[in-house]
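Could you walk me through this model in the viewer, telling me what to select at each stop and what I will find there?

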Amino acid sequence: MEPEAVTQEMKTRPPVATVTGLYRGTFAGLVPLTVKTPLTQDQVRRNPIFYELDLNYERGDENLIIDVIYDNLAPRRLQDLFRGTDIPHGIRFWPDWFDIPPYDEIRDPDGHRVYPRAPGIHTVQIRTASRKFAQEGRSRDFSPEKGGSTSPVFEIMIAGEENVRE
């Protein structure tokens, strides 16, 4: 292959992982999390939100870096996932989790007040990319060339005291 063809092929490679859904944990298992299935205030305090990663089988030897963007706040770094340790080899889908930011009130990057645990509709986006061991501690690159992917915007709802449906 010519060098230009190799470069173009690297740019068009599929992402290392994509997020396919958000879930809440119940005694019956994982249940899809949508605006129509709100989290109660107690669930927000005690339970993580699960997200499902569709892992690219062809890139199964690459480790993952993951960030969550909650309500358009600055991306929050999640734990790196190592193939063979955190993600067993040969697994196609993998659930992981995150907590809603543990603050009643914080400021976004522009200085506006936001209320991450307040009742109402909130947004979540998750971005993923591959991670090389040499990148540890460096800036995180979520570009398509690095197998990066950003999920669609998921909307979730936190129920107020008056609109709890379980």
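## First stop: a proline in a loop

Start by selecting Pro-144, which sits in the loop between β9 and β10. Keep in mind throughout that this is a predicted model. Pro-144 has a relative accessible area of 48%, so it counts as partly exposed. Now add Val-16 to the selection: the two residues are 128 apart in sequence, while their C-alpha atoms lie 9.4 Å from each other.

## Zoom out

Show the whole chain as a cartoon. You should find 2 helices and 11 strands, and if you trace them from the N terminus the order reads α-β-β-α-β-β-β-β-β-β-β-β-β. Next, switch on a surface. The accessible surface is about 9900 Å², with 52% of that area belonging to carbon and sulfur atoms. Of the 166 residues, 40% count as buried. If you compute a contact map, consider the contacts between residues at least 6 apart in sequence: 70% of these join residues at least 24 apart.

## Salt bridges, one by one

Side chains of opposite charge can pair when their charged atoms come close. Across the whole structure there are 6 salt bridges, and a few of them deserve a closer look.

Select Asp-42 and Arg-46. Their side chains form a salt bridge with an N to O distance of 2.6 Å. Both belong to helix α2 (residues 41–46), and because they are 4 residues apart there, about one helical turn separates them. Arg-46 is exposed at 65% relative accessibility, whereas Asp-42 is partly exposed at 34%.

Move on to Arg-59 and Glu-62. Are these two buried or exposed? Glu-62 has 11% relative accessibility and counts as buried; Arg-59, at 6%, is buried as well. The salt bridge between them brings their closest N and O atoms to 2.9 Å.

Then pick Asp-80 and Arg-140, whose side chains meet in a salt bridge at 3.2 Å, N to O. This pair links distant parts of the chain, 60 residues apart: Asp-80 is in the loop between β5 (76–77) and β6 (93–98), and Arg-140 is in the loop between β9 (120–131) and β10 (149–150). Asp-80 has a relative accessible area of 12%, so it is buried. Extend the selection to Asp-67 and Arg-127, and you have a network: salt bridges with shared partners join Asp-67, Asp-80, Arg-127 and Arg-140.

## An arginine without a salt bridge

Center the view on Arg-117, in the loop between β8 (113–114) and β9. Which side chain of opposite charge is nearest to Arg-117? That is Asp-104, 5.9 Å away, and Arg-117 has no salt bridge although it is buried. The cut-off for a salt bridge is 4 Å between a side-chain nitrogen and a carboxyl oxygen, so a distance of 5.9 Å does not qualify.

What does the side chain of Arg-117 reach at 3.0 Å? Show backbone atoms and you will see the backbone oxygen of Ile-100 at that distance. To see the surroundings, display the residues that Arg-117 touches beyond four places away in sequence: Gln-41, Val-44, Arg-45, Ile-100, Pro-101, Pro-102, Tyr-103 and Ile-158.

## Aromatic rings

The structure holds 2 aromatic pairs. One of them is Tyr-51 with Phe-98, a tilted pair with 6.1 Å between the ring centres and 40° between the planes. Tyr-51 belongs to strand β3 (residues 49–55) and Phe-98 to strand β6, so the pair links distant parts of the chain, 47 residues apart. Hide the surface for this stop: Tyr-51 is buried with a relative accessible area of 1%, and Phe-98 is buried at 2%.

## Last stop: two positive phi angles

Most residues other than glycine have a negative phi. Finish in the loop between β4 (63–70) and β5, where you will find Asp-71. Asp-71 is not a glycine, yet its phi is positive, about 50°. Select Asn-72 next, in the loop between β4 and β5; it too has a positive phi, about 60°, without being a glycine. Turn the surface back on to compare their settings: Asp-71 counts as buried at 19% relative accessibility, whereas Asn-72 is exposed, with a relative accessible area of 61%.

Terms used:
Residues are numbered from 1 along each chain as its sequence is written. This is a predicted model: local features need pLDDT of at least 70, side-chain atom pairs count only at pLDDT 80 or more; totals for chains, interfaces and linings use all residues. Side-chain values use heavy atoms; hydrogens and water are left out. Buried means under 20% relative accessible area, exposed over 50%, partly exposed in between (1.4 Å probe, protein chains only). Contact means heavy atoms within 4.5 Å. Accessible areas come from the Shrake-Rupley method with a 1.4 Å probe; for residues, only the protein chains shown count as cover. Lys and Arg count as positive and Asp and Glu as negative; His and the chain ends are not counted. A polar contact is a pair of N or O atoms within 3.5 Å; within protein, one must be able to donate a hydrogen and the other to accept it, and residues adjacent in sequence count only if both atoms are side-chain atoms. Rings of Phe, Tyr and Trp (its six-membered ring) pair if their centres lie within 6.5 Å; planes under 30 degrees apart count as stacked, over 60 as edge-to-face and the rest as tilted.
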